[in-house]
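Open the model in your viewer and keep the selection panel at hand. The stops below say what to select and what is there.

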Amino acid sequence: MRMTKGDRTPAIKVSNLTKIYRTNAVGRSASGLSTSLNFKKFLISLFGKRTNFFTALDNISFEVPHGSIFGLLGPNGAGKTTLVKILSTLVLADGGKVFVNGFDVEKRPYRVLKELQTVLSEGFGFERRLTGRQNLEFYASLYGLGRDAAQRRIDSLLELVGLPDKGHLAYQRYSTGMARRLLVCRALLSEASVLIFDEPTSGMDPRTALDFRHMMLERLSKKEGRTIVITTHNMYEAQQVCDLIGVLDRGKLVAIGTPDEIRRMVGEKVVLSLTVGGSSIFNETRAPLLVKEVTKVHGVVNVSLTENGSSDSRAMQIEGVKDLDYSKIFSLLLNEHVKIRFIESTQPSLEDAFMYLTKKVKR
Ligand SMILES: Nc1ncnc2c1ncn2[C@@H]1O[C@H](COP(=O)(O)OP(=O)(O)OP(=O)(O)O)[C@@H](O)[C@H]1O
Ligand SMILES: [Mg+2]
């Protein structure tokens, strides 16, 4: 079912989703389970006290609007793939509800499978001795595509992912990056309105990854209006393509927002790095003191000789808050006859926010 951006039902709606894995290996014991007392008692009554449990997803709720690209970030083991598998009907949840285009994944899994296509980071599911094209033909027949339509589609998809001349090669000759691209082709054989990619660009070289991001953004999202969910460890990728980002940490959704909103969660700090010099009256103590007086400057965090050790060249780092008026700093330094040789202004990156939101603490 093709939905459009204006549709009011979200493409994906997740409410109070919980997933608990039961393990026999080392894991979290029932007593350490972070869930409600009643549910814990219920699990213990079912499996016994000595069973190990692990809360992979803990009461997660969010919505993904139609036509948007939603990025799931989180450290290893945060629960991203588990969430993707629940969305794709591959794993059953233990609590909460998940809807894809309004269809309940638990009650109507076959309907949901018509709405979405998933590319997992594991288990590629291709036959090694068949060619890339033959593998795609097999899946095209599963999706009910007629022979001619399948050939046309496979041709255009192989072209799209940069494998136009590799379709005739046996799959066992494919490199990791080529295999990933073939997986993308497989996902695009059907016209599902929701596409889910688990770490799609891992194993791709930088140019292939760039092409993939471009295709996702320009073609699948903007042109075809599909809804896309990706998990990624690549902050640059998330910043470039995602409309909305969810940050998972140890099974909890610790933040959700646009890339800029997530970045700003670290604070509104800006850092202005300057290399200054050329003044006989430049004074290591006086300049920082003057700069510190400028509104919205928090402090001058560093004044030192630059690395090349030039006696009249110093690096300053001025920390302030957003909307800091740089011109005041510059005119003040110019009044001191300081020459400004290098300027760089940095704001918190998505990576800073990721580090901040997923701080390492003992579990
Ligand atoms: N089938 C399973 N049985 C038991 N525990 C599991 C199972 N699958 C995943 N887990 C555990 O659930 C947690 C979340 O795993 P998941 O694969 O969802 O993390 P992830 O965020 O995708 O990590 P990564 O970035 O490494 O891919 C991990 O601690 C993992 O060990
Ligand atoms: Mg994963």
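At what angle do helix α4 and helix α5 pack, and how far apart are their axes? Select residues 132-142 for α4 and residues 147-160 for α5. In this predicted model, the two helices pack at an angle of about 130°, with their axes 10 Å apart. That angle makes α4 oblique to α5, because angles over 145 degrees would be needed for roughly antiparallel and 65 to 115 for roughly perpendicular. The crossing of α4 past α5 is right-handed.

Next, show the side chains where these helices meet. On the α4 side, pick Arg133, Leu136, Glu137 and Ala140. Their counterparts in α5 are Ala150, Arg153 and Ile154. Sorted by class, the residues of this contact are four nonpolar and three charged, with no polar ones.

Now move to the sheet. Six strands make it up, in the order β7-β8-β9-β4-β10-β11. The sheet is open and its pairing is mixed. To find the edges, select β7 at 116-119 and β11 at 252-257, each of which pairs on one side only. From one strand to the next, the twist averages 15°.

Stay at the β11 edge and add β10, residues 244-249. β10 and β11 run antiparallel to each other and are joined by five bridges. For one of these pairings, click glycine 246, whose bridge partner in β11 is isoleucine 256.

Two helices that lie across strands of this sheet come next.

- Select α7, residues 206-223: this helix lies across β4 (69-73), β8 (194-198) and β9 (227-231). Against β9, α7 runs at about 150°.
- Select α12, residues 350-357: this helix lies across β4, β10 and β11. Against β10, α12 runs at about 35°.

β4 is crossed by α7 and also by α12, which makes this strand a handy landmark for finding both helices.

The last stop is ligand 1. Which residues are around it? Select Tyr21, Thr23, Phe54, Ala56, Gly74, Asn76, Gly77, Ala78, Gly79, Lys80, Thr81 and Thr82. Colour the shell by element of secondary structure: β1 (12-23), β3 (52-64) and α2 (80-87) each supply at least two of its residues. Which element gives the most to the shell? The answer is α2, with three residues. Colouring by class instead shows four nonpolar, seven polar and one charged residues around ligand 1.

How values were computed. Residues are numbered from 1 along each chain as its sequence is written. Chains are lettered from A and ligands numbered from 1 in the order in which they are written. This is a predicted model: local features need pLDDT of at least 70, side-chain atom pairs count only at pLDDT 80 or more; totals for chains, interfaces and linings use all residues. A residue is near a molecule or strand if its C-beta atom, placed from the backbone, lies within 6 Å of it. Helices (H or I, at least four residues) and strands (E, at least two) are DSSP runs, numbered from the N terminus. Ala, Val, Leu, Ile, Met, Phe, Trp, Tyr, Cys and Pro count as nonpolar, Asp, Glu, Lys and Arg as charged, and the others, Gly among them, as polar. Axes are lines fitted to C-alpha atoms, for helices over the stretch in contact, and angles run from 0 to 180 degrees between N-to-C directions. Angles under 35 degrees count as roughly parallel, over 145 as roughly antiparallel, 65 to 115 as roughly perpendicular and the rest as oblique. A crossing is left-handed if the near helix is turned anticlockwise from the far one by less than a right angle, and right-handed if clockwise. Two residues are in contact if their C-beta atoms, placed from the backbone, lie within 7 Å. Two strands pair if DSSP finds at least two bridges between them.
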